[in-house]
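Look at the sequence and the 3D structure below. Keep both in view as you read.

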Amino acid sequence: MTVSACAKVNLTLEVYGIRPDGYHELRSVVQPVSLADEIMIESAVSGSIMSDAGYGDADLIVKAARCLDSAFPSREARGAHFRVMKKIPVGGGLGGGSADAAAVLRALNVFWDLGASPEALAGIGERVGSDVPALVLAQHYRQPVLMEGRGERVRLLSREEWPYPSGTWFVLMNPGVHSSTAEVYRHCRARMVSATEAVNDLEPFAVAIHPEIGEALALLREIGAGNVMMSGSGATVFGCAPDEPSAGQMAEELRKRGFFSRSVRTL
Ligand code: C5P
């Protein structure tokens with residue numbers, strides 16, 4: 001079985017303060033986009049759960065599979081082996097590792113015949129990572145999701161609340177620096193007032209750590225992208241394009257300049 005694990009961009013990301021557990025209280029609109037990793041899943045009669053990618057993102061895949069297995073105890077040992085074809089840049093604010101974990105939860109639910117609802121899978125995903133519950137719902141319903149708390153409170157946005165219609169073209173750009181989520185959150189200060197426009201509260205702190213992110217935001221604006229902002233804790237930045245050809249041209253222009261860039265569609 002091969003499954004597709006789509007990435008997300010955060011269309012808003014508001015930080016309201018630190019919680020007693022050390023995580024930040026957030027409110028964010030999570031938008032699934034057409035950029036996706038491909039994950040091949042094979043059953044393993046041995047009961048072993050393994051991924052070919054070693055460490056990094058692969059850990060979240062294995063963690064997701066183990067969490068799901070322990071949430072549905074069975075007398076038979078369940079196993080699965082995973083092979084990942086990465087398309088989503090790692091550590092880029094596009095939720096790559098969480099997207100893989102979410103896709104694995106959804107796929108194993110079918111593969112192991114567990115019958116869990118997407119909402120129950122989102123609840124299990126909470127133990128895997130903060131972005132996983134939102135990505136389970138966003139991938140399943142192919143719609144934007146509002147996430148709150150640490151990321152554990154998630155709900156689909158009603159169509160009237162969608163910031164962009166489905167099929168809107170974005171251009172993504174990664175300036176080639178690795179932005180550490182934990183480091184950006186450590187530097188970030190909670191917002192004082194509730195802003196109404198689309199904004200990512202982590203952006204100024206990530207830009208202060210990696211000036212390349214600020215340069216990437218400026219470059220995207222310069223080549224004509226609209227509503228330019230950073231996704232998650234960076235380093236990927238994105239903006240909208242009027243249509244598919246212009247998104248493609250902008251991405252091509254950025255790749256010529258040596259950056260990772262893709263044109264993607266909102267789901
Ligand atoms: O949950 P996850 O492992 O994806 O989070 C990575 C890091 O991001 C955490 O260790 C924490 O430093 C930071 N974080 C946070 N508040 C959140 C989500 C993540 O401080 N709501």
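The paragraphs below follow one strand through its pairings and then turn to the ligand.

A word on the source comes before the tour. This is a predicted model.

Start with strand β2, residues 24–43. Which strands pair with it? Take β1 to begin with, which covers residues 2–18. β1 and β2 run antiparallel, and 14 bridges join them. To see one of these bridges, find Lys8: its partner in β2 is Pro32. The two strands form a hairpin, with five residues between them. Look for Gly22 in that turn. The phi angle of Gly22 is positive, at about 90°.

β2 has further partners. One is β5, made of residues 145–149. Here too the pairing is antiparallel, with five bridges. Find Val30, then look across to β5: the bridge partner is Val145. Another partner is β4, residues 80–85. β4 and β2 are antiparallel as well, and six bridges hold the count for this pair. Ile39 makes a good landmark, since Val84 of β4 stands opposite Ile39. As you trace any of these strands, keep one general rule in mind. Side chains in a regular strand alternate between the two faces of the sheet.

Now move to the ligand. Where does the ligand sit? The space it takes is the largest pocket. Which residues surround the ligand? They are Tyr23, His24, Leu26, Gly129, Ser130, Arg150, Thr181, Ala182 and Tyr185. By type, this shell divides into four nonpolar residues, four polar ones and one charged.

Some of the shell belongs to elements you can pick out. β2 supplies at least two of its residues, and so does α5, which spans 181–187. Which element gives the largest share? That is α5, with three residues. Strand β2 therefore appears in both parts of this tour: it pairs with β1, and it helps to surround the ligand.

Next, zoom in on single atoms. A polar side-chain atom of Ser130 lies 2.5 Å from a ligand oxygen. His24 also points a polar side-chain atom at an oxygen of the ligand, at 2.7 Å. Arg150 takes part through its backbone: a polar atom there is 3.2 Å from a ligand nitrogen. How much of the ligand does the protein bury? Taken alone, the ligand exposes 460 Å², and the protein buries 72% of that.

Terms used:
Residues are numbered from 1 along each chain as its sequence is written. This is a predicted model: local features need pLDDT of at least 70, side-chain atom pairs count only at pLDDT 80 or more; totals for chains, interfaces and linings use all residues. Side-chain values use heavy atoms; hydrogens and water are left out. A residue is near a molecule or strand if one of its heavy atoms lies within 4 Å of it. A polar contact is a pair of N or O atoms within 3.5 Å; within protein, one must be able to donate a hydrogen and the other to accept it, and residues adjacent in sequence count only if both atoms are side-chain atoms. Accessible areas come from the Shrake-Rupley method with a 1.4 Å probe; for residues, only the protein chains shown count as cover. On a 1 Å grid over the protein atoms alone, a cavity is a set of points where a 1.4 Å probe fits but cannot get out, and a pocket is an open set with protein on both sides within 12 Å along at least five of seven lines; lining residues have an atom within 4 Å of a point. A molecule sits in a cavity or pocket if more than half of its atoms lie within 2 Å of its grid points. Helices (H or I, at least four residues) and strands (E, at least two) are DSSP runs, numbered from the N terminus. Ala, Val, Leu, Ile, Met, Phe, Trp, Tyr, Cys and Pro count as nonpolar, Asp, Glu, Lys and Arg as charged, and the others, Gly among them, as polar. Two strands pair if DSSP finds at least two bridges between them.
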